[in-house]
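Student: I am new to this structure. Please take a close look at a single part for me, the pockets, and set them beside the way the chain is divided.

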Amino acid sequence: MTEESKVFVDLNAATMGKSDAPYGLIKDAAIAVVDGWIDWVGPAADMPDRYKPMPRTSLGNRLVTPALIDCHTHIVHGGDRAAEFEMRLNGASYEEVARAGGGIVSTVKATRAATEDELLSDALRRVDPLIAEGVSCIEIKSGYGLDLDTELRMLRVARAIMANRAIVVKTTFLGAHATPAEYTGRDDAYIDEVCIPALRAAHAEGLVDAVDGFCEGIAFQPTQIARVFDVAHELGLPVKLHAEQLSNLGGAQLAASYAALSADHIEYLDEAGVVAMAKAGTVAVILPGAFYTLRETQAPPIDLLRKHGVPMALATDINPGSSPLNSLLLALNMGCTLFRMTPEEALRGATQNAARALGLTDAGTIAAGMRANMAVWDIKHPAELAYRIGFNPLHCRIFGGSA
């Protein structure tokens with residue numbers, strides 16, 4: 001054992017792993033950590049003798065869960081869209097705002113004008129509240145540059161967050177997010193002349209963990225997304241997709257055909273799409289923040305996802321337009337109240353299934369062989385994390401075995 005070895009005791013562990021108990025709950029538990037990794041977890045009474053000489057840290061009989069994971073965000077961007085928020089409240093639809101030159105395109109202008117330092121400073125202001133809620137890992141997408149230089153700048157900023165905060169960042173290239181003004185009416189040319197070259201450049205610079213796209217009537221058609229995904233596969237990168245948010249273009253089935261990590265939003269997903277996702281092992285990422293902000297009425301097909309055993313993740317979708325939601329705990333509550341997910345499904349969606357949506361095999365559960373990234377809560381039962389609104393019961397976050 002090394003100096004970094006320790007045992008956390010006096011806790012109740014919601015492991016969120018495979019277990020017959022709800023939440024994988026182990027009462028009166030102990031967790032042994034060696035060099036930042038979980039080496040053993042179980043009832044304290046059953047702790048093997050080899051761990052007994054290790055230093056002990058009492059957690060005061062608090063609840064411990066895996067650290068939370070926000071698996072869909074647009075944290076790096078310039079400006080805000082508060083004025084468009086007012087437009088929508090006055091009756092304009094998301095599509096009408098976008099077609100009037102607002103929406104994603106307006107954020108593109110602000111992001112292109114921002115320096116790397118400005119983007120990083122603003123992004124850290126959004127990351128800090130997540131860390132304060134027990135989040136240890138976030139996904140960050142590009143997609144507000146829509147030119148080679150700015151897309152790469154966004155991804156560099158996303159990587160730089162890890163050098164400034166104790167958090168894991170997974171980067172996603174989202175060049176196929178919208179067509180910039182200079183390519184209006186020339187979507188195919190944008191894909192071929194900007195998006196795909198930017199993807200290749202970002203990959204060559206080591207900036208990309210996955211590739212995403214926005215498959216929608218106001219964005220890109222399935223055939224256009226497929227061209228981007230073909231390049232992603234050529235480069236050995238996994239894919240995911242904004243699919244079926246405002247209509248059903250068959251995006252989820254397309255994503256599943258590429259063995260996508262996830263299909264996200266999916267309010268208009270039909271059973272054929274659900275079946276395709278189930279066969280491919282594609283995670284459904286539920287994003288209640290956008291549903292709430294856009295005042296949508298078509299909820300994602302939670303019952304169909306349950307019926308076919310599609311894992312469900314939950315995320316904030318933090319972005320300046322359709323989901324200015326900066327609280328993953330609130331997203332848990334919204335998943336329950338808006339979509340009737342259970343509190344256990346919600347918590348699993350921000351831990352185990354969120355890890356799966358990012359292709360992570362070393363996070364999302366409390367089990368031997370997992371990173372020792374955990375959240376310690378001043379609550380008695382895991383359901384309280386989804387139950388309270390605007391309340392943060394985090395006692396401390398354990399990152400790499402250190403509180």
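Tutor: Start with a term: the domain bounds used here come from an automatic or database domain assignment. The model itself is predicted. By that assignment, the protein chain falls into domain 1 (6-67 + 365-398) and domain 2 (74-358). Domain 1 is thus written as two stretches, and domain 2 as one.

Now the pockets. The largest pocket has a volume of about 380 Å³. Its lining is made up of 24 residues. Thr-293, Asn-319, Ser-323, Pro-324 and Leu-325 lie nearest the centre of this pocket. Three elements give two or more residues to the lining: helix 1 (82-89), helix 10 (288-293) and helix 12 (328-339). Helix 12 gives the most, with five residues. What is the chemical make-up of the lining of the largest pocket? It divides into 10 nonpolar, 10 polar and four charged residues.

Turn to the second largest pocket. It holds about 300 Å³ of space. Here 15 residues form the lining. Closest to the centre of the second largest pocket are Ala-98, Arg-99, Val-105, Thr-179 and Ile-218. Two helices each supply at least two lining residues: helix 2 (94-99) and helix 3 (104-113). The largest share comes from helix 2, with three residues. By class, this lining has eight nonpolar, six polar and one charged residues.

Next, look at how the two domains meet. Their centres, taken over C-alpha atoms, are 31 Å apart. On the domain 1 side, 23 residues are in contact with 19 residues of domain 2. Together, domain 1 and domain 2 bury about 1700 Å² between them. Carbon and sulfur atoms carry 60% of that buried area. Which residues of domain 1 supply more of its buried area than any other three? They are Met-16, Ala-386 and Arg-397, and they supply 36% of the area that domain 1 buries against domain 2. What about charge pairs across this boundary? The count of salt bridges between domain 1 and domain 2 is zero.

To find your way in the view, begin at helix 12, which gives five residues to the lining of the largest pocket. Then go to helix 2, which gives three to the lining of the second largest pocket. Finish at Met-16, Ala-386 and Arg-397, on the domain 1 side of the boundary.

Technical notes:
Residues are numbered from 1 along each chain as its sequence is written. This is a predicted model: local features need pLDDT of at least 70, side-chain atom pairs count only at pLDDT 80 or more; totals for chains, interfaces and linings use all residues. Side-chain values use heavy atoms; hydrogens and water are left out. On a 1 Å grid over the protein atoms alone, a cavity is a set of points where a 1.4 Å probe fits but cannot get out, and a pocket is an open set with protein on both sides within 12 Å along at least five of seven lines; lining residues have an atom within 4 Å of a point. Grid points are joined across faces, edges and corners, and a volume is the space filled by probe spheres set on the points. Helices (H or I, at least four residues) and strands (E, at least two) are DSSP runs, numbered from the N terminus. Ala, Val, Leu, Ile, Met, Phe, Trp, Tyr, Cys and Pro count as nonpolar, Asp, Glu, Lys and Arg as charged, and the others, Gly among them, as polar. Contact means heavy atoms within 4.5 Å. Buried area is the accessible area (1.4 Å probe) that two parts lose on being put together, summed over both. A salt bridge is a side-chain nitrogen of Lys or Arg within 4 Å of a carboxyl oxygen of Asp or Glu.
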